[in-house]
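Please open the structure in your viewer and keep the sequence panel visible beside it. This tour proceeds by selection, moving from the whole chain to single residues.

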Amino acid sequence: MSSGVTNMSQNGSKKSFETSGSIFEIEDILGSLDRSRPIHVEKNRSFDERSNGGYADSSAPIVDHLENGSSPCRSSGFNTPRSSSHFESHPMVAEAWEALKRSLINFRGQPVGTIAAVDHSVEELNYDQVFVRDFVPSALAFLMNGEDEIVKNFLLKTLHLQSREKMIDWFKLGEGVMPASFKVIHDPERNYETLIADFGESAIGRVAPVDSGFWWIILLRAYTKHTGDSSLADMPECQKGMRLILSLCLSEGFDTFPTLLCADGCSMIDRRMGVYGYPIEIQALFFMALRCALLLLKQDEAGKEFVDRIVNRLLALSYHMRSYFWLDLKQLNDIYRYKTEEYSHTAVNKFNVMPDSLPDWVFDFMPSRGGYFIGNVSPAKMDFRWFCLGNCMAILSSLATPEQSVAIMDLIESRWEELVGEMPLKIAYPALESHEWRIVTGCDPKNTRWSYHNGGSWPVLLWLLTAACIKTGRPHIARHAIELAESRLSKDHWPEYYDGKLGRYVGKQARKFQTWSIAGYLVAKMMLEDPSHLGMISLGEDKQIKPIVKRSASWSF
C-alpha cells in the first residue's frame, strides 16, 4: 500500500469541454459563507435563480476558470492540499488527508484507488478492496486537490476490468457490467500483481452492482470537467465502455416504465431492504449518468446512435419521476383520496395504489412546505420512505425541477432532527421495525432498526448534502451539518455509520477509519470553501426537458 502519491502532470491536450452546469456567482457564495445562519431561516434563492432570474440556463457558463479548463488553485502535491486559512482552520482536515493517504492502494507502482477501510482491529472481509461507489468521494477529493492521475488510473483500470467475461454459476452477465470492487493480489514468488474483480459473484445475495456503471460515467465527466482534458473520455476504449453501459440500461424489454427495474442490494443499500423494483437511488443515478454520457459521447457514427435514445429516455424519465415519484402535502392528500380499480387511460390512480396502504408516519412527517421523491413506485406499491442519496442526486442532476429542489431543502430544514439529528445523515427514514422488519429484511441482524441501512446515519452523505445545499443557495445548512460531524468523527475514529434515531451511537458493526467517511468530509469542506467545485458533480437544468409538475402547495407563500 502506498504511503503517498506523486504529483504528476496531466497528459493530453486541454480544451473546453462543455457549457452546461449549475449557474452561480462566486462573490455571492463566498460572501454568504462568512455569515453564520441558524437552521430554519427565510428561504434563499438558489445560485441558478440569482444568476438567471429563477431558472438555470444549461447553455450558460459556470465560471470562466472552469470553462477554460483550469482550476482556481492547483496543489503541487498530495502533502500540500489546496489551502486557505478558512479551510485549514480545523485540525481534522490535516488528519483526514493523512487517513485518506493511508487508504491508497498501488498496482504495479501506480495508485489506482482507495480501499474501503483501514481498520486492523477486525477481520478485513471485503473492506480491503477498492469499491467503485466508495471511491467516488475519494476521487473528488483528489481532483479538488489537483491529484488527477490517481482518478485517471482508476477509471482506466475499472474500464479494463469491464471487458472481462463475467459468470455467476452458469449465467453470463452483460458485457457492460462494471465491477462492484476489485482487489490487488500480489504473488511474492513471481513478484507479480494482478487485479481480481467482483461483479456480484462474491457479494451478499449475489447481486450485480447496477450503480457502478453510472458512477463510472459520472466520475469520468467530473474528471473531464475539472481538468478540461477530454482526451481520456475521447479514447476509443472509454467511448466503447460508455456505450456498453448504455446498451444495458437502454435495451428494450417488457417494461412499461422508463425507470430501471432492479433487484434488492444492487446499490449503496447492498442488502435486503425492500428497495427492489424502481428505487429512487438508481433512477437518479441513471438520469445523471445519461446526461453525463450525452456530454461525453463523441458525435461519430457509433455515438450518434445513442444520442436520440438518450434524449428520448431523459424526456420520459423526467416526466415519470416528477409526476409519480414526487410527494408533497397536496400530492399526499390526493393519494389519500384515491379511488381504486380505475380502468382506461383517464385513470388518476394509474398504479392502483390502495389509500389504506399509506403509512401513519408519513402524515406527520410531511411538512406544510416541502416535499421529496419517494423511495419506489410500482404497480400497487409506493414506498414512502425518504432516501438521502436519491434526493440529493435528483437536485444535482436537475432531475428535480427548481421548485422541487427548494422543496427538498425545505423538508430537510423542517425535519432536521429526523434526517440529520446529532450526526449527518440518515441514509433512509424511517426505520423498519418489528413485524415489518422481519418480513422486509428477512430478520437481518445487521439492519436492525436505526442501524446500518435501516435508518442508520452515514457521514459519507455529507458531501452530497453539501453539494445540494450549495446548488440551492443554502450553504448554512451544509455548514451546520459539517459542524455536527466535526464534533464526533475524529474522536470516534471515522466510523462507517452511526446508530440510533439521532445518530448518537457508533454503529454496532461499523468499521473505523472508513475511507468514504473521511473523503466525504474533505469534499464537503473543500466544496464549501470553494463552491466552484460544484461544477464537477452538478448539472444545470436542461431546457429541452421541460418541467412537467406545476407549482405545488410546497412552493406557495
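The stops below take up the overall fold, the core, one helix, the largest pocket and several backbone features.

**The whole chain**

Begin with everything selected, bearing in mind that this is a predicted model. Colour the chain by secondary structure: 20 helices and 15 strands make up the protein. Of its 557 residues, 62% are buried. Among contacts with a separation of 6 or more, 75% join residues 24 or more positions apart. Now display the surface. The accessible area is about 22,100 Å², and carbon and sulfur atoms account for 52% of it.

**The nonpolar core**

Next, select W216, Y372, W386 and L461. These are the residues with the most contacts inside the largest nonpolar core, which has 171 residues. Then highlight helix α10, residues 280-296, which contributes 12 residues to this core, the most of any element. In soluble globular proteins, nonpolar side chains tend to be buried together.

Stay with L461 for a closer view. Which residues does L461 touch, leaving aside those up to four places away in sequence? They are M268, C388, L389, L425, K426 and I427. Keep L425 in mind, for the tour returns to L425 later.

**Helix α4**

Select residues 92-102, which form helix α4. Show the side chains of M92, V93, A96, W97, A99, L100 and K101, the buried residues of this helix. To see what they pack against, add the strands β1 (104-107) and β2 (110-114). Then add the helices α5 (132-144), α19 (475-486) and α20 (515-529), which also pack against the buried residues of α4.

**The largest pocket**

Rolling a probe the size of a water molecule over the atoms shows where empty space is left. The largest pocket holds about 880 Å³ of space. To find the pocket, select L248, C249, L250, S251 and L260, which are the closest to its centre among the 33 residues of the lining.

Which elements each supply at least two residues of this lining? Select β5 (171-172), α7 (210-227), α9 (236-250) and α11 (301-325) to see them. Helix α9 gives the most, with 4 residues. Colouring the lining by class shows 21 nonpolar, 7 polar and 5 charged residues.

**Two cis peptide bonds**

Go back to L425 and display the backbone. The peptide bond leading from P424 to L425 is cis, with omega near 20°. L425 sits in the loop that runs between α16 (416-419) and β13 (428-429).

Move along to the bond from Y429 to P430, which is also a cis peptide bond, with omega near -5°. P430 belongs to the loop between β13 and α17 (434-441).

**Two residues with positive phi**

Select N352, in the loop between α12 (329-336) and α13 (360-365). Its phi is near 55°, a positive value in a residue other than glycine.

Finally, select W494, in the loop between α19 and β14 (498-499). W494 is likewise a residue other than glycine with a positive phi, near 55°.

Is each of these residues buried or partly exposed? N352 is partly exposed, because its relative accessible area is 22% and buried means under 20%. W494, by contrast, is buried, with a relative accessible area of 0%.

Notes: Residues are numbered from 1 along each chain as its sequence is written. This is a predicted model: local features need pLDDT of at least 70, side-chain atom pairs count only at pLDDT 80 or more; totals for chains, interfaces and linings use all residues. Side-chain values use heavy atoms; hydrogens and water are left out. A nonpolar core is a set of buried Ala, Val, Leu, Ile, Met, Phe, Trp, Tyr and Cys residues joined through side-chain atoms within 4.5 Å. Buried means under 20% relative accessible area, exposed over 50%, partly exposed in between (1.4 Å probe, protein chains only). Contact means heavy atoms within 4.5 Å. Accessible areas come from the Shrake-Rupley method with a 1.4 Å probe; for residues, only the protein chains shown count as cover. On a 1 Å grid over the protein atoms alone, a cavity is a set of points where a 1.4 Å probe fits but cannot get out, and a pocket is an open set with protein on both sides within 12 Å along at least five of seven lines; lining residues have an atom within 4 Å of a point. Grid points are joined across faces, edges and corners, and a volume is the space filled by probe spheres set on the points. Ala, Val, Leu, Ile, Met, Phe, Trp, Tyr, Cys and Pro count as nonpolar, Asp, Glu, Lys and Arg as charged, and the others, Gly among them, as polar.
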